[in-house]
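Me: Please take a close look at the packing in this model, and begin with its nonpolar cores. I would like one connected account, with the numbers kept in.

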2 protein chains.
Amino acid sequence: MAEDNHSSESHTDVLIIGAGPSGLMAAYWMARCGVRARIIDKNSTKVFTGQADGLRIRTLEIFDSIGFQHRVQHEGHVAVEANFWVPSPDGKLFRQGPFCSSKVNESPFHNMLLSQGRIERFLIDSIKEHSDLEVERGVIAETFEYDETLNDDPIAYPITVKLRTLGENEVNSPGGSGGESPQSVPSGLDRSNILPDDWDDLIQKSRSQQTKTETVKTKYLIGCDGAHSWTRKQVGIPLEGSSTDHIWGVIDVIPVTDFPDIRRLGTVTNAAGTILVIPRERQLVRLYVPVQVVDAASNANIRFNRSSITPEMIKERVQAILKPYTFDYKICDWWTAYQIGQRIAPTFTKDDRVFLAGDAVHTHSPKVGLGMNMSMQDGFNIGWKVALVVAGVANPAILSTYNTERQILAEMLLDFDRHWSGLFTENRPPEGGPGKTESMVKVVESFEDFADGLKAFYGASPLVCKLDNDQDPILGYGLVPGERFPPVKLRKQADGNTQWTTRTFESDGRFRLVILAGDVRDATQKQRVETLSQFLSGQLKEKVSPLNRYAAIPGRFKSLIEVVTIHSAPWNETEFFDFPEILRKLDPTMGWDYGKIWCDDACIWDRDCNGKGYEKWGVDRTRGGVLIIRPDQYIGWVGEFEYIDEMTQYLDGVLIRAVCGQ
Amino acid sequence: MAEDNHSSESHTDVLIIGAGPSGLMAAYWMARCGVRARIIDKNSTKVFTGQADGLRIRTLEIFDSIGFQHRVQHEGHVAVEANFWVPSPDGKLFRQGPFCSSKVNESPFHNMLLSQGRIERFLIDSIKEHSDLEVERGVIAETFEYDETLNDDPIAYPITVKLRTLGENEVNSPGGSGGESPQSVPSGLDRSNILPDDWDDLIQKSRSQQTKTETVKTKYLIGCDGAHSWTRKQVGIPLEGSSTDHIWGVIDVIPVTDFPDIRRLGTVTNAAGTILVIPRERQLVRLYVPVQVVDAASNANIRFNRSSITPEMIKERVQAILKPYTFDYKICDWWTAYQIGQRIAPTFTKDDRVFLAGDAVHTHSPKVGLGMNMSMQDGFNIGWKVALVVAGVANPAILSTYNTERQILAEMLLDFDRHWSGLFTENRPPEGGPGKTESMVKVVESFEDFADGLKAFYGASPLVCKLDNDQDPILGYGLVPGERFPPVKLRKQADGNTQWTTRTFESDGRFRLVILAGDVRDATQKQRVETLSQFLSGQLKEKVSPLNRYAAIPGRFKSLIEVVTIHSAPWNETEFFDFPEILRKLDPTMGWDYGKIWCDDACIWDRDCNGKGYEKWGVDRTRGGVLIIRPDQYIGWVGEFEYIDEMTQYLDGVLIRAVCGQ
């Protein structure tokens with residue numbers, strides 16, 4: 001931390017600029033892995049109202065792996081089904097639907113809506129739980145220097161950034177739409193719309209702080225500083241793409257209306273246009289509304305004057321589209337106006353020393369409910385990689401996978417947005433409606449796996465060992481390297497308690513060697529488990545156990561690899577002590593490690609635990625198999641029990657050998 | 001609040017002495033209903049480790065109605081199945097089980113284990129969420145005066161208590177077993193065993209406070225001050241019963257053992273005795289262990305010297321009973337020793353002005369895992385009654401139901417404890433084991449509904465309208481006045497989100513008029529709903545709507561009665577606006593009340609919402625019925641749609657007529 005004089009110099013390993021969802025997600029990993037890091041934000045407080053609200057399945061799974069999914073579940077609003085309202089021949093509106101907007105059996109969770117402000121709250125609380133890292137607010141970066149000659153030196157600090165703490169008069173609280181704040185509703189924050197745990201933060205905002213500057217030298221810089229990213233400009237990476245010709249308004253209101261589906265996800269289309277209806281927590285409904293069409297002939301690079309948009313205009317547009325239903329409101333929690341722009345950076349990194357995440361490298365219309373998800377998953381992806389490299393336990397070569405894994409997804413996001421937004425800006429629905437609905441359902445369905453995060457599309461890299469050809473999957477069709485581990489609810493062998501693997505595979509920085517042990521009542525299979533265990537405990541000749549082979553983070557875990565066993569025999573025909581000792585290690589203080597042996601069997605008191613995990617993964621219940629799961633729960637490697645050399649090869653490419661290994 | 005001089009006088013409506021689980025539960029209601037109240041505790045901090053840990057189904061339902069069940073679920077350990085280990089003929093031990101220790105389909109929740117300290121945390125947080133009421137710690141009551149002549153005057157303050165704030169040297173943090181602290185393990189509290197949100201509290205403990213006295217005049221006094229209750233002594237109510245001849249030790253440890261079921265609920269019996277094994281959160285296991293038998297001939301009223309018990313002695317006993325398995329530990333989170341005593345107060349109240357709750361009126365062995373549950377349910381029961389009476393909206397006559405409803409349950413608790421504890425203190429298991437297990441299973445099963453709180457046994461009273469004779473239940477076998485409303489997961493008609501009724505029927509102080517509307521597609525049934533709605537909206541001649549008839553709490557709710565409709569037609573064949581306006585009122589600011597119409601239909605994305613609610617309640621899916629649920633979710637009255645006079649009669653006996661009613 002900076003001294004309290006007016007100018008100082010300091011060192012950190014990771015500097016994160018921007019404490020929105022992506023920046024906080026990256027910071028979580030620094031907190032979790034004990035990495036020396038700083039996170040700054042130019043605003044004086046976190047977000048409290050408005051901004052993003054859509055939470056997709058994979059994001060919720062990540063929250064579970066961090067440990068606050070239950071809080072989201074408690075406060076958020078589920079939105080699985082969508083309705084499309086279109087004109088009927090008699091000039092009224094009628095409902096088409098409900099259509100399922102996502103797969104309902106692929107995850108423990110369902111798409112939800114909850115304000116970005118609450119997600120920031122939960123991330124901040126998680127960071128606090130694991131470290132003393134705090135967001136430094138009202139702080140901006142002013143100058144940037146980067147010494148490329150130091151790039152190959154792992155202990156050097158090639159980046160120098162000058163930070164300035166803003167004075168009271170300079171600092172802003174987050175207003176309308178992200179970095180480019182239009183006039184927003186008078187702040188209007190009071191105890192009625194701020195939850196108690198946020199209220200304390202808001203009060204602290206009034207604390208005055210001293211203006212000061214500080215020169216920070218850092219090994220890595222992560223820019224999560226929004227669409228007008230200062231960081232991106234420093235490294236000369238452009239945002240490519242263009243704005244379209246439509247201006248949209250967004251309002252979060254408590255509606256007074258007789259429209260039947262105001263509390264259901266959906267669209268309403270008539271000749272006046274199409275609006276998107278998004279039910280939210282605390283009786284709020286968000287409406288996305290086209291408010292103005294810029295002259296198409298001259299649209300290029302026009303910065304439209306959003307100050308001409310008012311909530312009244314947005315309301316009138318909603319009223320026109322919802323006719324013959326009535327619409328009004330007295331309470332508006334937040335509103336903004338924006339012009340759709342689809343822009344993307346050609347690369348998300350400068351030399352794998354400076355990384356850009358979230359809106360800093362991809363902007364698009366908010367209507368797909370994906371922006372916050374993509375941004376957080378960017379931060380989640382780069383966070384653990386930088387943390388493990390800085391901690392000296394992972395090979396810096398893995399850093400390049402951030403760009404290869406995330407940039408292609410941002411391209412897909414923009415593609416989805418182009419398809420989806422296009423449906424809103426067509427001037428009128430073909431054939432009075434039904435055709436429109438078909439188009440919408442088709443777009444949603446074709447992008448579903450991508451949008452919900454059920455598929456990641458991470459390509460081959462040191463972190464993802466893809467199969468060479470189109471041969472059958474080694475273990476099962478459900479276990480694909482580069483994709484997330486399909487969640488299953490399992491019983492803990494020792495105590496019979498049930499848990500989703502999304503929670504078991506906690507985001508704590510460790511890789512996981514998952515042994516699908518199969519049916520250990522079978523003598524042959526039991527012997528295979530024994531042999532693999534001999535390898536893990538270093539008893540196989542000329543083979544070094546991966547548990548001792550690699551460096552660990554001092555004070556965190558004894559090994560960067562956690563071994564988790566999931567067997568398929570009936571729970572009550574198996575004992576914890578049936579498994580080799582290396583799979584359930586004894587600690588002289590903490591006793592046997594009861595958390596390591598899991599069972600894929602049905603549980604009489606928990607329907608979600610149905611004993612069908614192996615089927616979901618497509619894995620033979622007797623023979624099982626082995627996989628390595630990355631710290632972010634994506635599958636890195638799959639193989640048979642006997643593929644121990646291949647497994648070692650994968651790990652050697654990722655992790656740093658321990659100095660006293662062998 | 002007291003002024004900061006050394007002696008002062010003040011008034012409050014309710015004074016609660018003791019901020020353990022029962023006192024906090026009572027205080028929750030004061031916070032929730034906006035009642036002027038104080039809560040004091042002699043200790044300097046809340047509990048952090050040890051003490052009670054068993055959470056029964058009904059308690060978890062209450063937590064859901066308050067709003068923190070998700071936090072318990074996140075941290076606690078489920079214990080549904082139990083194993084009984086008994087000697088085998090070859091002198092070893094073998095497992096009998098698992099046996100289900102409670103019904104698994106009666107509730108959204110399952111019996112859990114979680115430290116009392118966490119429950120206190122959640123209750124304190126809930127109180128803070130709804131009010132500025134704070135526990136005043138390091139404060140004791142010193143003198144008590146009670147002016148019986150004021151008893152009939154509702155605005156008088158018949159009770160005068162002198163409070164004293166303890167100086168730094170006088171104040172204790174909660175140590176071993178409740179009020180009668182033996183030597184306990186060196187406090188040993190540090191960040192490794194205290195969760196972050198408790199840590200801040202612990203730090204604040206070091207704040208010094210000024211010694212001062214204060215004379216407080218109060219309308220009602222609730223004594224939740226433990227087994228040696230100062231309050232109980234002031235009103236001259238004895239604790240009747242006796243201590244038995246057995247001394248027990250309890251330890252919370254992280255065990256190092258090869259006993260296979262150390263992480264499973266159960267008992268282990270051999271010739272050396274019987275121990276109870278209770279798996280807990282954070283790798284802890286609690287063990288209840290008989291350590292010493294006092295000479296039976298002279299047991300009466302002997303205060304045994306617990307200071308002779310050491311953790312080492314307890315450990316050795318465990319080792320003897322677990323043989324041939326090994327047992328040891330390095331980490332002991334908490335331990336204590338106690339003598340079983342079954343004692344109960346003949347009455348729980350003095351003139352319905354002073355109430356006693358929890359250990360103040362019933363003590364027993366902790367081994368049934370019921371103490372904290374009974375105590376919290378005492379506080380839950382008296383809390384809302386006193387709050388509503390003080391707020392001027394409920395008839396003071398309801399206060400007498402506290403004693404009639406809770407005292408009989410405490411008797412049952414002691415009966416259960418006598419049966420259960422007896423099984424632990426029999427000198428040896430008959431016939432080497434199996435007979436013992438049968439006895440244990442039999443006791444557990446015969447007390448199951450009572451212990452889990454699935455049955456409440458609340459008798460006829462102004463608050464419970466029982467049927468006159470043995471006739472068939474009016475609505476359905478599942479809906480019994482005096483019992484809790486059987487929880488069901490329902491879909492909200494307006495948005496399709498699902499919720500358990502335990503959460504819908506929030507503990508906010510309101511009575512609920514629940515209309516089981518049946519199948520509203522049926523024209524006859526729809527007409528019945530219309531007619532009832534006319535009554536509720538005051539359109540039936542010479543009938544006053546219960547919604548306007550009674551006083552409300554200013555600033556809280558417009559009516560003390562919330563109308564909730566649950567229909568049985570398919571969700572997608574029904575519309576929110578199909579229902580009469582009075583059932584889904586329009587507020588000019590907040591819009592239509594979308595939270596009031598619910599549907600008992602299956603939901604494709606939520607298996608728990610299975611559309612079988614009416615079947616669970618035993619109610620005809622077409623005809624439905626009406627019931628009134630008390631603020632604590634117990635059923636007060638049931639009837640057909642047409643029983644509006646009887647409904648009014650019930651409510652007239654409970655609530656205060658509004659001044660401008662009619």
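Reply: A nonpolar core here is a set of buried Ala, Val, Leu, Ile, Met, Phe, Trp, Tyr and Cys residues joined through side-chain atoms within 4.5 Å. Buried means under 20% relative accessible area. The model is predicted. With that in place, the largest nonpolar core has 174 residues, and A:Trp420 and A:Phe511 have the most contacts inside it. Its main contributor is helix 8 of chain A (residues 371-390), which gives 11 residues. Another core, of 173 residues, lies apart from it; among its members are A:Val318, B:Leu15, B:Ile515 and B:Ile582. As a general background, nonpolar side chains tend to be buried together in soluble globular proteins.

Two helices of chain B show how burial is arranged around an axis. Helix 7 of chain B (residues 311-322) has 12 residues, which at 1.5 Å a residue should span 16 Å, and its end C-alpha atoms are indeed 16 Å apart. Its buried residues are B:Ile314, B:Lys315, B:Val318, B:Ile321 and B:Leu322. Seen down the axis of helix 7 of chain B, these fall within an arc of 130°, so they line one face of the helix.

Helix 12 of chain B (residues 523-536) has 14 residues; from first C-alpha to last it reaches 20 Å, close to the 20 Å expected at 1.5 Å a residue. The buried set in helix 12 of chain B consists of B:Gln525, B:Arg528, B:Val529, B:Leu532, B:Ser533, B:Phe535 and B:Leu536. They cover an arc of only 155° around the axis, which puts them on the same side of helix 12 of chain B. On the other side of this helix, B:Ala523 and B:Thr524 are exposed. The buried residues of helix 12 of chain B pack against two helices and three strands of chain B, namely helix 13 (546-549), helix 15 (644-654), strand 22 (511-518), strand 23 (561-567) and strand 29 (625-629).

Next, the aromatic rings. Over all chains, a search of the whole structure finds 44 aromatic pairs. One of them joins A:Trp85 and A:Tyr325, edge-to-face, with 6.0 Å centre to centre and 90° between the planes. A:Trp85 lies in strand 5 of chain A (residues 81-87) and A:Tyr325 in the loop between helix 7 (311-322) and strand 16 (327-344) of chain A, so the pair ties together parts that are 240 residues apart in sequence. A:Trp85 counts as buried, at 5% relative accessibility.

A:Tyr325 also pairs with A:Phe259, again edge-to-face. In this case the centres are 5.5 Å apart and the planes make an angle of 65°. A:Phe259 sits in the loop between strand 12 (240-257) and strand 13 (266-270) of chain A, and the pair links parts of the chain 66 residues apart. A:Phe259 is buried, with a relative accessible area of 1%. The loop that holds A:Tyr325 also contains A:Pro324, and the peptide bond from A:Lys323 to A:Pro324 is cis, with omega near 10°.

Elsewhere in chain A, A:Tyr220, A:Phe348, A:Phe355 and A:Tyr402 form one aromatic cluster. In chain B, B:Arg353 lies over the face of B:Tyr220, at 4.8 Å from the ring centre. The charged end of B:Arg584 sits over the ring of B:Trp592, 4.7 Å from its centre.

Some backbone details of chain A remain. A cis peptide bond, with omega about 0°, joins A:Gly97 and A:Pro98; A:Pro98 lies in strand 6 of chain A (residues 93-100). A:Gln96 and A:Glu438 are 342 residues apart along the chain, yet their C-alpha atoms are separated by 9.8 Å. A:Glu438 is found in helix 10 of chain A (residues 434-452) and, at 57% relative accessibility, counts as exposed.

Positive phi values occur at non-glycine residues too. A:Arg282 has a phi of about 50° and is placed in the loop between strand 14 (273-279) and strand 15 (285-293) of chain A. With a relative accessible area of 33%, A:Arg282 is partly exposed. A:Asp352 has phi near 55° and lies in the loop between strand 17 (349-350) and strand 18 (354-356) of chain A.

Technical notes
Residues numbered from 1 in each chain as written. Chains lettered and ligands numbered in written order. Predicted model: local features only at pLDDT ≥ 70, side-chain atom pairs only at ≥ 80, totals over all residues. Heavy atoms only, no water. Phe/Tyr/Trp six-rings, centres within 6.5 Å; stacked < 30°, edge-to-face > 60°. Helix = DSSP H or I, 4+ residues; strand = E, 2+ residues; numbered from the N terminus. Buried < 20%, exposed > 50% of the residue type's maximum accessible area, 1.4 Å probe, protein only. Lys NZ or Arg CZ within 6 Å of the ring centre and 35° of its normal. Expected span 1.5 Å × (residues − 1). Arc of directions from axis to C-beta. Contact = heavy atoms within 4.5 Å.
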